[in-house]
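Please open the model in the viewer and set side chains to display as sticks. The tour that follows concerns aromatic rings and the charged groups placed over them.

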Amino acid sequence: VEVIDFGDTTLASVLKDHGYFTAIVGKWHLGSPPYTPLKYGFMSSYGYLDGQIDPYTHEYKTETELTSRKSWHRNDEYLEEEGHVTDLLTDEAIRIIEQEREDPFFLYVAHHVPHYPLDEPDRWMSLYDGLAMHPSRRLFAASVSHMDEGIGKIAEALERSGKRENTLVLVFSDNGGQHSWHSNIEYRGKYADKPHSVLGNNFPLRGWKGDLYEGGIRVPAIANWPGKLKPGAAVFPIHMSDWLPTLCHVIGAEKYIEDLQLDGKNIWPFLTGNQKMVEDRSIYWKTDQGYAIREGQWKLLMHRNSGHSELYNLEHDFRETKDISASHPEKVEQLETLINEFRKEDR
C-alpha cells in the first residue's frame, strides 16, 4: 500500500484544525509505523494497521508458528487484546461517542467484516440454520449480521447521548463483494480446511472486488441526518473522493482546501435538495489489471496486458453484457485519450 506523505492534507487533519476531535476505529491500511493514524490528523486511533486480520488473534497473515505480524493497536502503539474484532470496534466507537467533550467530533469506523478471514460465534451462525446456503456464504451472512447489530448499537449510542440530531451519518463500502478466498498457510494455517469459496454477491452487476466492472466499483451508500436531509436517491455516480470537499463545505472550511487539486466535488447542494444532480465530470480508475473511465453514461475499460478496450453504455446496459466498442470507434478514441490524460497525473 502506498503511504501518504507526512504533512499531506487529510479529512482528519482539516477537521482537527477546525476544532473537531478526530478518531479512527478499525482498519487503517495506509502504512505501518511510522506511517500511522496519529501522524495524519487523528487524535485517537484504535484497531488494526493492515488490510485484514484474524478476527480473534488480530494478527496479519502470519504464516508459521515462528513468526508474528502484529497489527492491533491503540493510539499507534501495539497491544494484545482478547475479543472478536467486530465487538471490540463497536465498543470503542460507543466509548468515543459517549465521552463528554465540548468540541464536535469526527468518528471514522472501518469495520473488519465481511473481509476475509471470517470466524463468527455460534450466536450469529445460528441465524442461518436450516437455510440452503453454502457454508462459507452462511459465514459471510453471519458476519454481516454481526456488523449490522454493531452499527445499530452505534446509532443507539448517538440517540442515548443526545447527539443523533446533530450528527451526519455516512455508511458505505470501499468496493464490491469478493468472490472467494483460501490459503493453506496464512494465519498459521487456521483456515486451510475452512475455505471461503462463496463470499459476496454483486448481482445483478458484473465482476468482483478488484475488477473495474460495475460489480467491483459500484456500491450502495447512505447519508442520514435527521432534520437536515430529506429522503431521496441519487441515480448518478457519487465518488468516495466527493466527501472531503462536501464535509469541508458543511463545516465552513472550503477556503482551507481551495488550493488543493481535489478529485471530488461538493455534493451538499444535491444532498439538501437545492440541486437536482452533481455536475457532469469524468471519473477515472486504475488497478494492476487496467484502467477505466466513466463520462456520463459511457464507460471504457482498457486492459493493461492485451491493450484491448471495452465500451459500454450504462444507461442501456448497466450489467455490461455487450461490448459496443466496435460500433463506436470515435467514442473509444475519445475516452482512451481522456484516460491517457489522467494517467499523466498518476503517482
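A charge is taken to sit over a ring if NZ of Lys or CZ of Arg is within 6 Å of the ring centre and within 35 degrees of the ring normal. The model is a predicted one.

Begin by selecting R206 and Y213. The charged end of R206 lies over the ring of Y213, at 3.9 Å from the ring centre. Select next K228 and W225: here the charged end of K228 is placed over the ring of W225, 5.4 Å from its centre.

Proceed to the pairs formed between rings. The aromatic pairs number 15. For one of them, select Y187 and Y191, an edge-to-face pair with 5.9 Å from centre to centre and 90° between the planes. Both Y187 and Y191 are buried.

Now move to Y284 and F342. The ring centres of Y284 and F342 are 5.0 Å apart and the planes meet at 10°, so this pair is stacked. Which parts of the chain does the pair link? Distant ones: Y284 belongs to strand β8 (residues 282–286) and F342 to helix α9 (residues 329–343), with the two positions 58 residues apart in numbering. Colouring by accessibility separates the partners. Y284 has 17% relative accessibility and therefore counts as buried, the limit being under 20%. F342, at 28% relative accessibility, counts as partly exposed.

Finally, select F6, W28, Y35, Y40, F42 and F106 together. Ring pairs join these residues into a cluster.

Notes:
Residues numbered from 1 in each chain as written. Predicted model: local features only at pLDDT ≥ 70, side-chain atom pairs only at ≥ 80, totals over all residues. Heavy atoms only, no water. Phe/Tyr/Trp six-rings, centres within 6.5 Å; stacked < 30°, edge-to-face > 60°. Buried < 20%, exposed > 50% of the residue type's maximum accessible area, 1.4 Å probe, protein only. Helix = DSSP H or I, 4+ residues; strand = E, 2+ residues; numbered from the N terminus.
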